[in-house]
Amino acid sequence: MLEDKLLIWKFKCGDNEALCRIYRKYRADLLKLAALLLHNASDAEDAVHDVFVSFAQTAERLKLSGNLKGYLLTCVANNARNRNRARQRKQTVGLDEAATVVCESATPEQWITYGEELHRWSDALGRLPYEQREVVTLHLRAGMKMRQIARLQGVSVNTVKGRYRYALEKLRSLLNGDLKP
Amino acid sequence: MRPEKNIEQALKQADLNIEINTETDGAILSELIAARKGSRSTATRHPALKLAAAAALIVATLLIGHGVVHDRKRVAVEPSGQARIETLNLVSLNAAYRHGGMEALEEQYRKTFVGSESRPARLSVGRLLTELAEDGES
């Protein structure tokens, strides 16, 4: 926390090393979150890339009240939601078909390669409605509270809790027998 | 069937490994630094540019405004050469008629226009006499 405050101060003063440090410190977490939210490697990479570029460009205007990691995770969540909406508008294939295509298309310029565990969770979460997936991922992986997620999604806390419950039920049925005890 | 807690714990503690392509990673980092530098130079230049633009606008407005006013004043105060001659001629003819009547007017007319060959195109003796007669009656 203290290190982050120092990094932000240095970053705002124009220290490129601070930017590099922030990037190296949080890129993996952000990429994992984006991968779980978007269920598409290329979209996840683009989302994190966009967030970091915006972050780099807005150094002078940056006024951070909370912690840096939370801020960046929220940025990724917002970007992922926008991308998901855009993808839904453009989508021409069924969700079941899309699920087999995602995560497996590797190109030479690919930024990340999923590990086995991430691949499995990404597939499972990809079968949930986006709102439910977002609640579960942000709560369990980004450590956000229900209240924060409710504010992010623009719904009540009870709605978020409901989405969380439905998501866990569906995940349980999807991963039944597939989880380690 | 497993309880929900298991799902929660499993996802929370899942070891989600990713391999990061170092080449792409380096390229993205360079891009970020470039974006940072770009935004910094824009940000530092921005207020100066705004100030300069505002100053230029004010100076241009003042110059244009001053020029327009100055031109208007010059038009009002300084008539063109032809208009000035005509005015002087009319004044001299009027004065001659008042002092010496028609004879003095004809004399002044000869001195003014015939001798100098600077008779204005718009001025005729007939019109001048009409104007003078009207002036005398009023």
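## A tour from helix 2 of chain A to the interface with chain B

Start by selecting helix 2 (residues 16-38) and helix 3 (residues 41-57) of chain A: their axes come within 9 Å and cross at roughly 145 degrees. Axes here are lines fitted to C-alpha atoms, for helices over the stretch in contact, and the angles run from 0 to 180 degrees between N-to-C directions. Helices (H or I, at least four residues) and strands (E, at least two) are DSSP runs, numbered from the N terminus.

Before going on, please note that this is a predicted model, in which local features need pLDDT of at least 70, side-chain atom pairs count only at pLDDT 80 or more, and totals for chains, interfaces and linings use all residues. Residues are numbered from 1 along each chain as its sequence is written, while chains are lettered from A and ligands numbered from 1 in the order in which they are written.

**Stop 1: helix 2 against helix 3**

Keep both helices on screen. Helix 2 of chain A passes helix 3 of chain A in a right-handed crossing; a crossing is right-handed if the near helix is turned clockwise from the far one by less than a right angle, and left-handed if anticlockwise. To see the contact, show A:L19, A:Y23, A:R27, A:L30, A:L31, A:A34, A:A35 and A:L38 on helix 2, then A:A41, A:D43, A:A44, A:A47, A:V48, A:V51, A:F52 and A:A56 on helix 3. Two residues are in contact if their C-beta atoms, placed from the backbone, lie within 7 Å. Colour them by class and you get 14 nonpolar, no polar and 2 charged residues. In this scheme Ala, Val, Leu, Ile, Met, Phe, Trp, Tyr, Cys and Pro are nonpolar, Asp, Glu, Lys and Arg are charged, and the others, Gly among them, are polar.

**Stop 2: the bend and the loop that follows**

Zoom in on A:Y26, where helix 2 of chain A bends by about 45 degrees. The bend is the angle between axes fitted to the seven residues ending at a residue and the seven starting there.

Now move to A:H39, in the loop between helix 2 and helix 3 of chain A. A:H39 is not a glycine, yet has a positive phi of about 55 degrees. Is A:H39 buried or exposed? A:H39 is buried, because 27 other C-beta atoms lie within 10 Å. The cut-offs are 20 or more other C-beta atoms within 10 Å of a residue's own for buried, 12 or fewer for exposed, and partly exposed in between, with C-beta atoms placed from the backbone.

**Stop 3: helix 2 against helix 4**

Add helix 4 (residues 68-90) of chain A, which packs with helix 2 at an angle of about 35 degrees, the axes being 10 Å apart. This crossing is right-handed. On helix 2, pick A:I22, A:Y26, A:L30, A:L33, A:A34, A:L37 and A:L38; their partners on helix 4 include A:L72, A:V76 and A:R83. By class, this contact has 13 nonpolar, 1 polar and 2 charged residues.

**Stop 4: chain A as a whole**

Zoom out to chain A, with its 9 helices and 1 strand. Along the sequence the pattern is α-α-α-α-α-β-α-α-α-α. Of the 181 residues in chain A, 36% are buried. Among contacts in chain A with a separation of 6 or more, 67% join residues 24 or more positions apart.

For an exposed spot, select A:G143, in the loop between helix 7 and helix 8 (146-153) of chain A. A:G143 counts as exposed because it has 12 other C-beta atoms within 10 Å. Then add A:G70, 73 residues away in sequence and 8.7 Å away in space, C-alpha to C-alpha.

**Stop 5: across to chain B**

Bring in chain B, which has 4 helices and 1 strand in the order α-β-α-α-α from the N terminus. Of its 138 residues, 10% count as buried.

At the interface, 35 residues of chain A are in contact with 28 residues of chain B. Which helix of chain A gives the largest share of the side that touches chain B? Helix 2 does, with 7 residues. The side of chain A that touches chain B holds 20 nonpolar, 8 polar and 7 charged residues.

Next, select strand 1 of chain A and strand 1 (residues 18-20) of chain B, which pair in the antiparallel sense over 3 bridges; strands pair if DSSP finds at least two bridges between them. A:T113 has B:E19 as its bridge partner.

Finish at B:N17, in the loop between helix 1 (4-13) and strand 1 of chain B. B:N17 counts as partly exposed because it has 14 C-beta neighbours inside 10 Å. Leaving aside neighbours within four places in sequence, B:N17 is in contact with A:G115, A:E117 and A:L118.
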